[in-house]
Amino acid sequence: MPDTPADVLIVGAGPTGLTLAVDLARRGRAVRIVDRSPAHPRTSRAKGPNPRSLEILADLGVVDEVRAAGSAPLPMRVYRDHRPVSDTDPWAEATPAPAAHYDRPWLIAQWRLEEILRARLAGYGVHVELGREVVGLTEGPDGQHMAVAFGEGPAERARYVVGCDGAHSSVRKLLGIPFDGTTAEDQVMVTGDVELAGGVLDRGRWHQWFDEDGAVMLCPIPGTRTGWWFQAGPERDGAGRPLPPSVDGFRRLLTRHTGLPGRHLARAELLSTYRVNVRMVDRYRAGPVLLAGDAAHVHAIAGGLGMNTGIQDAFNLGWKLGQVLAGHADAALLDTYEEERLPVAAWTLDLASDRLRATLEAIREPGGSLASAMTEETTGLGIGYRWSTLTAPKPDPATPPRPGTEQRGALPGDRAPDAPCQNAATGGPTRLHRTLAGPHTTVLGLGPESAAFLREVAVAYGNAGIRTCRVYAPHEDRGTPPPGSLVDHQGHAAAAYATALVVVRPDHHVGAVASADDPAPVREYLRRLYGAPGTVDVTRQG
């Protein structure tokens with residue numbers, strides 16, 4: 001067993017585990033990530049990040065590469081009896097808003113997204129360790145580390161272990177945490193990656209054939225010349241039981257529902273059978289072991305929420321582990337991970353099930369499509385944590401924000417709205433989220449009365465991972481603005497943040513708000529996350 005334990009051992013190298021690994025590695029934590037697979041998968045699976053996940057990928061520094069490797073969501077062409085009956089684009093009216101730069105999800109094969117995240121992680125000197133299946137978890141004799149046993153190779157030690165290893169999670173099973181819920185045996189779909197002969201179908205459309213007795217859906221895989229996602233209702237035997245997927249079966253389904261000759265399907269791989277499972281854990285943490293992503297929750301495929309919820313789990317957890325490992329916060333901070341994300345998981349299960357019902361109803365009618373699965377809620381932009389103990393002061397959670405729109409006075413727990421701004425020093429265009437990006441907490445100051453408190457924070461916490469940002473009104477006298485200051489030249493920041501002092505957590509959620517003449521809530525909030533400040537009283541120095 002190595003003498004030097006990892007800070008965090010991540011089990012599972014899908015998008016959830018990789019997001020967490022990148023976030024921890026950029027914080028300088030000793031992170032390791034293992035996966036039971038002998039090789040990196042090439043499965044397409046999830047179709048891509050939603051707008052909230054794109055914000056996270058932007059923070060991690062990979063969104064430009066993700067967008068270049070993928071494509072915007074495609075219009076949907078719907079067929080009935082082999083003939084096209086409608087074209088619909090659920091994102092036709094979407095436009096970037098001041099509060100939300102990303103207005104639509106993005107199509108990218110999951111293997112390609114993982115490849116991009118692995119490359120980013122490698123830039124920090126961390127590589128995925130393949131062929132390492134976790135078979136045992138025990139608390140070490142020092143009481144400070146977990147001993148992790150593998151099917152092959154030496155055991156390891158880590159201060160924290162995070163199971164990101166999917167619906168069949170070994171970590172969850174070793175902890176004995178129930179995975180309660182239901183499996184809908186009658187809601188079955190066969191899926192795979194296929195190649196179609198060139199020119200058979202327009203690659204600028206997501207083609208969907210819905211008949212009384214089944215369906216076939218074909219979506220082009222970005223970055224490939226002839227690759228498509230194939231989804232269909234399964235073939236069934238004489239007793240009505242679904243047959244396992246096969247290349248020949250896919251060809252028969254193609255001909256039956258689309259009218260295209262089966263020979264046009266040249267190859268099919270990564271075949272699988274999908275059943276609607278709606279399950280979740282009753283807790284995310286067992287001491288120094290935590291769960292994230294599909295290891296903690298699975299739900300209906302409608303709305304594309306699975307991978308995205310996992311990425312957002314990881315982003316919530318990463319900064320909290322970082323604070324604890326750096327010695328800034330007590331381990332009790334990790335309790336807020338479960339407090340905040342467990343209700344989100346329950347809400348997501350309900351939302352996905354609701355969207356599935358709406359979609360199954362829509363496709364019974366000619367022209368109905370998978371567009372029924374997409375709503376403002378599936379963007380992820382409206383998710384917040386107003387109920388969390390990690391808010392100051394605690395707001396009324398009864399009126400959640402509208403996703404993707406400006407709101408006056410973002411409240412503690414809400415996602416921090418973006419806003420177009422100008423760099424105060426150069427006048428160049430920028431956005432508020434660019435200032436928020438990175439592994440730090442940000443204290444925003446709006447109005448001249450906020451300046452003294454920002455100076456206090458900079459002196460007391462400048463070396464502890466807190467950034468201050470003065471946001472000037474358009475005609476406010478700036479003098480020599482502090483580095484990193486912004487000009488709210490169109491007033492969108494003032495519309496979104498109605499208080500003078502705002503703490504934005506590293507995961508882009510508002511933590512605390514206060515007026516400039518009573519900054520106590522912000523001061524106490526920073527003390528909770530970063531410990532006692534220095535003794536210099538900058539406010540008395542003018």
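Let me start with Arg-80, which in this predicted model is buried, with a relative accessible area of 11%. Arg-80 forms a salt bridge with Glu-212, and the closest N and O atoms of the two are 3.2 Å apart. What interests me here is the way the pair links distant parts of the chain, since Arg-80 sits in strand β3, residues 76-80, while Glu-212 sits in the loop between β10 (206-211) and β11 (214-220), 132 residues apart. Glu-212, for its part, is exposed, with a relative accessible area of 73%, so this salt bridge has one buried partner and one exposed partner.

In total, the structure holds 35 salt bridges, and I would like to set two others beside that one. Arg-505 forms a salt bridge with Asp-507, with the closest N and O atoms 2.8 Å apart, and in this case both Arg-505 and Asp-507 are buried. Glu-524 forms a salt bridge with Arg-527, where the closest N and O atoms are 3.8 Å apart. Why are Glu-524 and Arg-527 separated by about one helical turn? Because they are 3 residues apart in helix α12, which covers residues 520-530. Both residues of this pair are partly exposed, Glu-524 with a relative accessible area of 44% and Arg-527 with 37%. There is also a network of salt bridges, in which Asp-23, Arg-26, Arg-27 and Asp-59 are linked. As a general reminder, side chains of opposite charge can pair when their charged atoms come close.

Asp-59 brings me to the helices, as it is one of the residues of helix α2 that make the contact with helix α7. The axes of helix α2, residues 51-59, and helix α7, residues 306-325, come within 9 Å and cross at roughly 45 degrees, and the two helices are therefore oblique to each other. The crossing in which α2 passes α7 is left-handed. On the α2 side the contact is made by Arg-52, Ser-53, Ile-56 and Asp-59, and on the α7 side by Asn-308, Ile-311, Gln-312 and Phe-315.

Within that contact, please look at Ser-53, which lies in helix α2. Is Ser-53 buried or exposed? Ser-53 is buried, with a relative accessible area of 0%. Leaving aside residues up to four places away in sequence, Ser-53 touches Asn-308, Ile-311 and Gln-312. Ser-53 and Leu-381 are 328 residues apart in sequence, and yet their C-alpha atoms are 9.0 Å apart in space.

Now to the sheets, beginning with strand β7, residues 146-150, which is mostly covered, in that 4 of its 5 residues are buried. On one side of the discussion we have strand β6, residues 134-139, which is joined to β7 by 5 bridges, the two strands running antiparallel. Gly-136 has Ala-149 in β7 as its bridge partner. These two strands, β6 and β7, form a hairpin with 6 residues between them, and in the turn Gly-143 has a positive phi of about 70 degrees. We then have strand β8, residues 156-163, which 3 bridges join to β7, again in an antiparallel arrangement. The bridge partner of Ala-147 in β8 is Arg-157. β7 and β8 also form a hairpin, with 5 residues between them, and Gly-153 in that turn has a positive phi of about 90 degrees.

Finally, I come to an open sheet of 8 strands, which has mixed pairing and the order β4-β3-β10-β11-β12-β9-β13-β16. Which strands stand at the edges of this sheet? They are β4 (83-88) and β16 (297-298), and each has a single partner strand, so one side of each is left without a neighbour in the sheet. Strand β3, the one that holds Arg-80, comes between β4 and β10 in that order. Elsewhere in the sheet, strand β9, residues 180-196, and strand β12, residues 227-232, pair in the antiparallel sense over 6 bridges, and Gly-192 stands opposite Phe-230 in β12. Helix α6, residues 247-258, lies across β9, β10, β11, β12 and β13 (265-280), and runs at about 85 degrees to β13.

Notes: Residues numbered from 1 in each chain as written. Predicted model: local features only at pLDDT ≥ 70, side-chain atom pairs only at ≥ 80, totals over all residues. Heavy atoms only, no water. Salt bridge = Lys/Arg side-chain N within 4 Å of Asp/Glu carboxyl O. Buried < 20%, exposed > 50% of the residue type's maximum accessible area, 1.4 Å probe, protein only. Pairing = 2+ DSSP bridges. Axes fitted to C-alpha atoms, helices over the stretch in contact; angles between N-to-C directions. Parallel < 35°, antiparallel > 145°, perpendicular 65-115°, else oblique. Left-handed = near helix turned anticlockwise from the far one by under 90°. Contact = heavy atoms within 4.5 Å.
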